[in-house]
Each structure stands twice: as structure tokens, then as C-alpha cells.
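Work through the exercises below with the sequence and the model in view. Each task is followed by a solution in steps.

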Amino acid sequence: MVLRKGPWSKKVLVPACFLLILIWIFLIDNSLLLAGLSGKGTLQKSRNFVSFAHDPSLDRLTIKESSSMNDVESKHSKLSKLQVVSLWSNNSSVKENTGSLRKYQILRQQGLIPSKQLPTALIIGVKKGGTRALLEFLRLHPAIRAAGSEVHFFDHHYIKGFHWYSIKICLMVYSRHRMPPTLTTQITMEKTPSYFVTRKVPRRVQRMNPAMKLILVVRDPVTRAISDYTQVKSKRANMPKFEDLAFLNGSKIVDTSWVPLKIGIYAWHLERWLQYFSLSQFLFVSGERLIMDPVAEITRVQDFLGLKRVICEKHFYFNATKGFPCLLKSEERPTPHCLGKNKGRSHPYIDPVAIQRLRDFYRPFNQRFYQLTGMDFGWL
């Protein structure tokens, strides 16, 4: 049977085609919708496999992820859940988010925390004997911590107590410590030359530390007295002559009340110290030898203090102009330098007769000092 083409066939075919197109569009939309629902379901199931566990041994968040999760979702999940926090135990955010966080302990090795300590060694004298040079040389040693300025605790500030002795103050224009911060493996020391000649000092030192190690730098008492006079004269324009001060009223009698001469009677002062300390607690350093051969004397000091021999020839050079050994470097200055402009001053002319009178005066006291120390310093 053959259908004829007519006007009615066009009316049927056009709506039929339009209907087929609508059905086709509807089916495509449904397939996309079903695919989206399926993807969401899979993602939800994958998320159900993600868990956050706190590992107390590691103090961090560990993430377990399903292998089926794609990379993008994995990164998104990590960024949304992880939080960067401080590892200190008092961090409030850690306490809020993770509960209790293991406390981190700071381990401190014993002896590695600096503290202010009272001295275990003193340079007690003598003035103009070479105490400043000795102190500066010793400060090259890493195991020695020394106060930079004279403290004068046992003679001027004893009433202020040991707390005053160890706390921080400003000296001159610099902020320093009376007693510098010291490790337990280091030696704390200071130098105040007036200690040796002050009557009350030996007993006060003994009360604080009966085991104190005492270093005494001595020098020919006549030369020392002239050096002492020279220092004072540099600060006073109208200073009387040395001879007028050394002898009573122009006579041949030595004025032992004049401090520069009184200091040089070493035996008197040492006998007072030996009432409180044994001779083994003293080290007697030759001021003359400290200038001529500093390493030899510094080696004796290092041995006396029980320290390794660190300071040696490489630390020094000799300044021919000043006539003194100088430092290639020091604790405060890494460049070569000498101790100061006031060191190595030229002495004024002194009548040789007056010098000989003083040598005769000091001779018996020097002999007594040699007997007490067991050393001959060659001043006779």
C-alpha cells in the first residue's frame, strides 16, 4: 500500500519530529543528572574514609585518605583541616584544637648557664707593681672572667654586703658587672691593689672564702715608690719633689708614714695576711719579670689557678718605645695594642743618694720578705 503525499502528511511529520527532539533532549539531561548524583555519592563515601588522628608521640595531625579520592580533593581537604601552630606548650590555639600537647623541655647542661658568682681568686696588690698588666694578660684565657675595674669591696664597700659585690652597675661610661657572668667551669676574679695594705681586708676575705687564691704582684720597692710618685705628680702641678716627701724635714730619716714608701714594706703586710691564709694560697709574681718575660709569669699563674696553659708567646709583642709587652689582641680589642698611655711613664730625676738611702732602708724588709715567700727577687 502506498501512502499518498498530501497536505495532512506534513501536519503529522512536523509535530512528530519536534516531539522526537524533545525526547532526545530530555534523555540527555537525565543522563547528566544521574551522573552528577552518582559522583556526589562516590565523593561522600570517599569522605567517610577521611579521619584525623592525634598522635601524642609526634604532636602532629596525621591524615588517612582513601586511594579513590582525587588529588584536588585531597589537597583541598588538607588545607581546610590542618592549622600551623607554635610548638610551645602554652599556645592557646593548640589547647583549643588538640587538647593536651606534649610539653617540650629545654635541656640545660649543667654549668653552661652564666651567672654572677663571687670571686675565687683575687689580685690583692701591689699598686704600681704590674697588677693591671697581669689582669689584662689573664683575661686572654677563656676560663677566666675578671671584673674590668677595681671593685674595692673589701676596703671601701664591705658594709654593703656580698649581694652588692655581685650585681650589675655602671662604671664610668660603660655598663659592666662588678662580678662578670661566669660559667661554673670558669674562674671569677678581680684585682684591687689596696687590699694588700688595708688592715681589715685579710679577715674579711677569709670570712667570705677561706679557700681564696691570692695573687700578689711585687716590684722593687724603691722603683715602685718612684712610679707611684710619678703617677700622682702627673695629676698635680705643684707636687713637691720626691726627696722632700721621702725624708723627714730634709734629714736622712725615711718617712714611713708616706704611703708610697709604706706600701713597699711588703713583709709587714704579708705577715698580717698569713694570720688568715696559708702560704700555699699565695702566688708571688715578679713585676720585673712580668715585663721582661710575660709568658713565664703568666704560665706560673695558669698553673697556680689549675688552668690549661693557653696564653703563650703568640699573644704578645714587645713595644720598644714604651719598654713594655703589648697584646696582639685582647678580650675587648681584636687588634694589637698596648695597655694605655699612663703605662710606661718616664720617671723624674731622683738624687742617686736618696735612692741609695731608700735601698738601705728597704734591705732588711726585703730579706724578711724573701724568707716568708721562699723567693729571691733580686732587689738587694
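**Exercise 1.** Is Gly130 buried, partly exposed or exposed?

Solution. This is a predicted model, in which local features need pLDDT of at least 70, side-chain atom pairs count only at pLDDT 80 or more, and totals for chains, interfaces and linings use all residues. Residues are numbered from 1 along each chain as its sequence is written, and side-chain values use heavy atoms, with hydrogens and water left out. Buried means under 20% relative accessible area, exposed over 50%, and partly exposed in between (1.4 Å probe, protein chains only). Gly130 has 24% relative accessibility, so Gly130 counts as partly exposed.

**Exercise 2.** Locate Gly130 and list its contacts (heavy atoms within 4.5 Å).

Solution. Gly130 sits in the loop between strand 4 and helix 4 (131–138); helices (H or I, at least four residues) and strands (E, at least two) are DSSP runs, numbered from the N terminus. Leaving aside neighbours within four places in sequence, Gly130 contacts Val217 and Leu290.

**Exercise 3.** Do the same for His347.

Solution. His347 is in the loop between strand 13 (324–327) and helix 14. His347 is partly exposed because its relative accessibility is 36%. Beyond four places in sequence, its contacts are Arg219, Thr223, Ile226, Ser227 and Thr230.

**Exercise 4.** Find the UniProt feature "binding site" that includes Gly130 and His347.

Solution. The unreviewed UniProt entry places this feature at positions including Lys128, Gly130, Arg219, Ser227, Lys343 and His347. UniProt positions are given in the numbering used here, feature names are shortened, and annotations may be inferred rather than shown by experiment.

Technical notes: Contact means heavy atoms within 4.5 Å.
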